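Student: Please take a close look at the surroundings of the ligand in this structure. I would then like to see how other contacts in the chain are arranged.

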Amino acid sequence: MIDLYYWPTPNGHKISIALEEMGLPYTVKRVNILRSEQFEPAFLALNPNHKIPTIVDHQGPGDAPYAVFESGAILLYLAEKTGQFLPAEPRARGDVLQWLFFQVASLGPMFGQCGHFLGYAPEKIPYAIERYHKETKRLYGVINGVLGTRPYLAGADYSIADIATYPWCAPRIRDLHHIDIAAFPNVQRWAETIEARAAVQRGMSVAADVMKIGNPDEAARKSLFGGKPD
Ligand SMILES: N[C@@H](CCC(=O)N[C@@H](CS)C(=O)NCC(=O)O)C(=O)O
């Protein structure tokens with residue numbers, strides 16, 4: 001059994017989707033990041049960087065509990081545990097890892113800043129909005145290009161690279177990022193294929209009751225952007 005420390009954000013969705021796709025039983029532990037629960041000592045003991053997603057695998061290596069944080073590391077851990085969505089053949093595996101690292105190091109952080117300055121920042125800063133919106137559109141162009149040559153990001157097969165990337169390109173997040181998906185038809189085709197998967201629909205609906213995009217209240221703003229409470 002795996003504990004999933006979670007809040008319904010794109011980074012959280014990566015792991016709820018992966019657990020659903022892999023058929024692993026899990027318990028959702030809600031960490032309300034809008035109310036500073038990520039700073040509670042019990043959670044910090046699992047992830048000193050105070051961010052969801054984080055997992056505890058009660059049957060980790062050596063059959064002992066094992067905590068993993070950082071969504072890319074969690075996806076890799078789960079793929080290796082189950083032998084799913086990450087090929088063993090070195091070239092195919094390398095291709096998946098490249099696109100997984102591209103998501104966690106480039107696409108996720110840039111899209112995150114785009115959403116921050118377009119939707120959450122208390123003041124509208126044109127320089128920041130233009131910089132991150134332009135970079136987001138550039139990254140859409142990169143994936144639109146590769147998805148014009150193959151069905152999934154790393155090749156012919158659906159992989160943890162797609163699982164990492166899809167939640168950041170899902171419809172509500174695209175709206176937050178002011179992305180017209182019609183301008184990126186290959187991404188649209190890929191996203192529609194992924195969102196037709198039953199496991200993806202289940203993963204995206206975990207704790208959907210608390211899903212909130214944009215216009216955080218003052219307490220949420222402090223919790224998310226103000227650092228550890230006094
Ligand atoms: N690089 C991290 C990013 C995780 C992340 O940014 N999580 C956000 C929600 S999407 C969070 O928990 N923020 C709360 C905080 O920073 O205090 C990953 O990929 O897991």
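Tutor: In this predicted model, the residues around the ligand are Thr 9, Asn 11, Ile 33, Gln 38, Phe 39, His 50, Lys 51, Ile 52, Pro 53, Glu 70 and Ser 71. Sorted by class, this shell consists of four nonpolar, five polar and two charged residues.

Three of these residues place a polar atom opposite a polar atom of the ligand. Ser 71 does so through its side chain, where a polar atom lies 2.6 Å from an oxygen atom of the ligand. The side chain of Glu 70 has an N or O atom 2.8 Å from a nitrogen atom of the ligand. Ile 52 contributes through its backbone, with an N or O atom 2.8 Å from a ligand nitrogen atom. On its own the ligand has 510 Å² of accessible area, and the protein covers 82% of that area.

Asn 32 is located in the loop between β2 and α2. Asn 32 counts as buried, because its relative accessible area is 17% and the limit for buried is under 20%. Between Asn 32 and Ala 208 the sequence separation is 176 residues, while their C-alpha atoms are 13 Å apart in space.

The loop between β2 and α2 also holds Arg 35, which takes part in a salt bridge that links distant parts of the chain. The partner of Arg 35 is Asp 217, and the closest N and O atoms of the two are 2.9 Å apart. Asp 217 lies in the loop between α9 and α10, 182 residues from Arg 35 in the chain. Both partners are partly exposed: Asp 217 has a relative accessibility of 33%, and Arg 35 has one of 43%.

Another salt bridge joins Asp 209 to Arg 30, with 3.1 Å between the closest N and O atoms. This pair, too, links distant parts of the chain, since Asp 209 is in the loop between α9 (198-204) and α10 (218-225) and Arg 30 is in strand β2 (residues 26-30), 179 residues apart. Asp 209 is exposed, at a relative accessible area of 58%, whereas Arg 30 is partly exposed, at 43%.

Helix α10 itself contains a local pair. Glu 218 and Arg 221 are three residues apart in this helix, about one turn, and their side chains form a salt bridge with an N to O distance of 3.6 Å. Glu 218 is exposed, with 54% relative accessible area. These pairs belong to a total of eight salt bridges in the structure.

Turning to the interior, the largest nonpolar core comprises 54 residues, of which Ile 55, Leu 78, Ile 143, Ile 160, Tyr 166 and Trp 190 touch the most other members. At least two residues of this core come from each of β1 (2-6), α1 (10-22), α3 (71-82), α4 (90-120), α5 (126-147), α6 (160-165), α8 (185-195) and α9. The greatest contribution is that of α4, which supplies six residues.

In summary, the polar partners of the ligand include the side chains of Ser 71 and Glu 70, together with the backbone of Ile 52. Elsewhere, the loop between α9 and α10 is tied by Asp 217 to the loop between β2 and α2, and by Asp 209 to strand β2.

Key
Residues numbered from 1 in each chain as written. Predicted model: local features only at pLDDT ≥ 70, side-chain atom pairs only at ≥ 80, totals over all residues. Heavy atoms only, no water. Salt bridge = Lys/Arg side-chain N within 4 Å of Asp/Glu carboxyl O. Helix = DSSP H or I, 4+ residues; strand = E, 2+ residues; numbered from the N terminus. Buried < 20%, exposed > 50% of the residue type's maximum accessible area, 1.4 Å probe, protein only. Near = heavy atom within 4 Å. Polar contact = N/O pair within 3.5 Å; in protein donor to acceptor, adjacent residues only side chain to side chain. Areas by Shrake-Rupley, 256 points an atom, 1.4 Å probe, with all protein chains shown as cover. Nonpolar A, V, L, I, M, F, W, Y, C, P; charged D, E, K, R; others polar. Core = buried A, V, L, I, M, F, W, Y, C linked by side-chain atoms within 4.5 Å.
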